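Student: I'd like to learn how to read a structure like this one. Could you walk me through it?

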2 protein chains.
Amino acid sequence: MKNISNAVIKRLPRYYRYLDELRANGVERISSGDLSRMMNVTASQIRQDLNNFGGFGQQGYGYNVNYLFEEIGSILGLDKEHRMIVVGAGNLGQAIANYANFDKRGFKIVALFDSNHELIGKKTRNGEIKDIEEVYDFVKTENIEIVALTLPKEPATEIAMKLLDCGVKAFWNFAHTDLEVPDNVIVENVHLSESLMELTYKLSEQSQVGK
Amino acid sequence: MKNISNAVIKRLPRYYRYLDELRANGVERISSGDLSRMMNVTASQIRQDLNNFGGFGQQGYGYNVNYLFEEIGSILGLDKEHRMIVVGAGNLGQAIANYANFDKRGFKIVALFDSNHELIGKKTRNGEIKDIEEVYDFVKTENIEIVALTLPKEPATEIAMKLLDCGVKAFWNFAHTDLEVPDNVIVENVHLSESLMELTYKLSEQSQVGK
């Protein structure tokens, strides 16, 4: 597999989302021009991005929506089931566990864990919230690949390191910290407050332009 | 103000977070070398990024932590209060409203709204959840600048367009869609499932390297 730039990888899920909508609307094929207008990116960008994976388009025909959807899904690893748990079962953890769309995409959220005794035992779509003490044995026996960390920053790195020892391969990290784990460990960060700061940067920039 | 690249803007909140931690730990000054090791970016990257805003460092002294923290905060628009509401008061909306850190940063979440009658009236840290029908009058009289959209994709664009008419300036969009609003409207997207797909892309890539 050739080395694909991060920027391209970040754009793939958006192609996937648009193709899914086209598919849902019964569209069977689309030209790169139409896709480009719909997605508000240039047609040459689309061709370049998809050429990283061998193209998929046919001159004079455009793209076969369903085929391209399946192929991008496969590139994104969505053709396999991914077993996941959520560590930290507060509102955010529960929001993630309840997000039905994940299920449709092959993300199987097997259980939620928390250290808060008011939450442990509470029923959710994904079974009762379990005690964090049980998480290490659980990931070993249940073959868990991905852990969503929806917990405060303090325990995040320590818990992540222990989970790595139990066979976890990737973290979807919502804790307000950079996990200090070895470089080869897959970490995808969602730093919510940082995204909100990008928004206020733009607000602040806009108000200065207006002056 | 000169034109700052998106990549730089995306890195600023992370500087802010590290400087906040240094400050909390009583560190008064730091060299770009130490900051670079801590943040795992090159010292020249740090210097380049900060030079966009006039530098801040002094040869042989490094950076004054508190001063740099305040300056970056000000660049990010965090020196002002931002009045916000949350539209969609499910788990995700409530998670955002409950995130205490936002308050500390000047984000004032004034109210939550929902269309679900099982949620309307429910008490939260930010008052009772209000009926979505009231949101348009509310944003006019309460001078709301930012709206967090934590709702399904279907009504998102329509609600956003109406809120724009009522004076809202920016959207923090969690709906699984690109809002179709005019180009000059500030939209910061958090597409959770897309970030999870970037993670599985990397998992899939890693498993192929292993073969």
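Tutor: Sure! Keep in mind that this is a predicted model. Let's start with how chain A is divided: the domain assignment gives domain 1 (6-75) and domain 2 (82-194).

Student: How many Å apart are the C-alpha centres of domain 1 and domain 2 of chain A?

Tutor: They sit 32 Å apart. As for overall dimensions, the C-alpha trace of chain A spans about 60 × 50 × 35 Å along its principal axes.

Student: What secondary structure does chain A have?

Tutor: You'll find 9 helices and 10 strands in chain A. Now look at the contacts between residues at least 6 apart in sequence: in chain A, 58% of them join residues at least 24 apart.

Student: There's a chain B too. How do I read the way two copies are related?

Tutor: In general, two copies of a chain are related by a rotation about an axis and a shift along it. Here, a turn of 180° with a shift of 0.0 Å along the axis lays chain A on chain B, with an RMSD of 0.0 Å. That's the relation of a two-fold axis.

Student: And how do I read the place where they meet?

Tutor: People often give the size of an interface as the accessible area lost when the parts come together. For this pair, let's go by residue contacts: 46 residues of chain A are in contact with 47 residues of chain B.

Student: Which element of chain A gives the most to the side that touches chain B?

Tutor: That's α9(A), with 16 residues. Among the other elements of chain A that each supply at least two residues are α1 (6-24), α5 (91-97) and β10 (186-189). By residue type, this side of chain A divides into 23 nonpolar, 14 polar and 9 charged.

Student: Why do we say the copies meet through the same surface?

Tutor: Because 100% of the interface residues of chain A are also interface residues in chain B.

Student: Let's zoom in on one residue. Is I109(B) buried or exposed?

Tutor: The idea is to count neighbours: a residue with 20 or more other C-beta atoms within 10 Å of its own is buried. I109(B) has 23 C-beta neighbours inside 10 Å, so I109(B) counts as buried. In chain A, 36% of the 211 residues count as buried.

Student: Where is I109(B), and which residues does it touch?

Tutor: I109(B) is in strand β4 (residues 107-114) of chain B. Leaving out residues up to four places away in sequence, I109(B) touches M84(B), I85(B), V86(B), A97(B), F102(B) and N126(B). Also, I109(B) and I144(B) are 35 residues apart along the chain, with 9.4 Å separating their C-alpha atoms.

Notes: Residues numbered from 1 in each chain as written. Chains lettered and ligands numbered in written order. Predicted model: local features only at pLDDT ≥ 70, side-chain atom pairs only at ≥ 80, totals over all residues. Domains from an automatic or database assignment. Least-squares fit on C-alpha atoms with pLDDT ≥ 70 in both. Contact = placed C-beta atoms within 7 Å. Helix = DSSP H or I, 4+ residues; strand = E, 2+ residues; numbered from the N terminus. Nonpolar A, V, L, I, M, F, W, Y, C, P; charged D, E, K, R; others polar. Buried ≥ 20, exposed ≤ 12 C-beta atoms within 10 Å, placed from the backbone.
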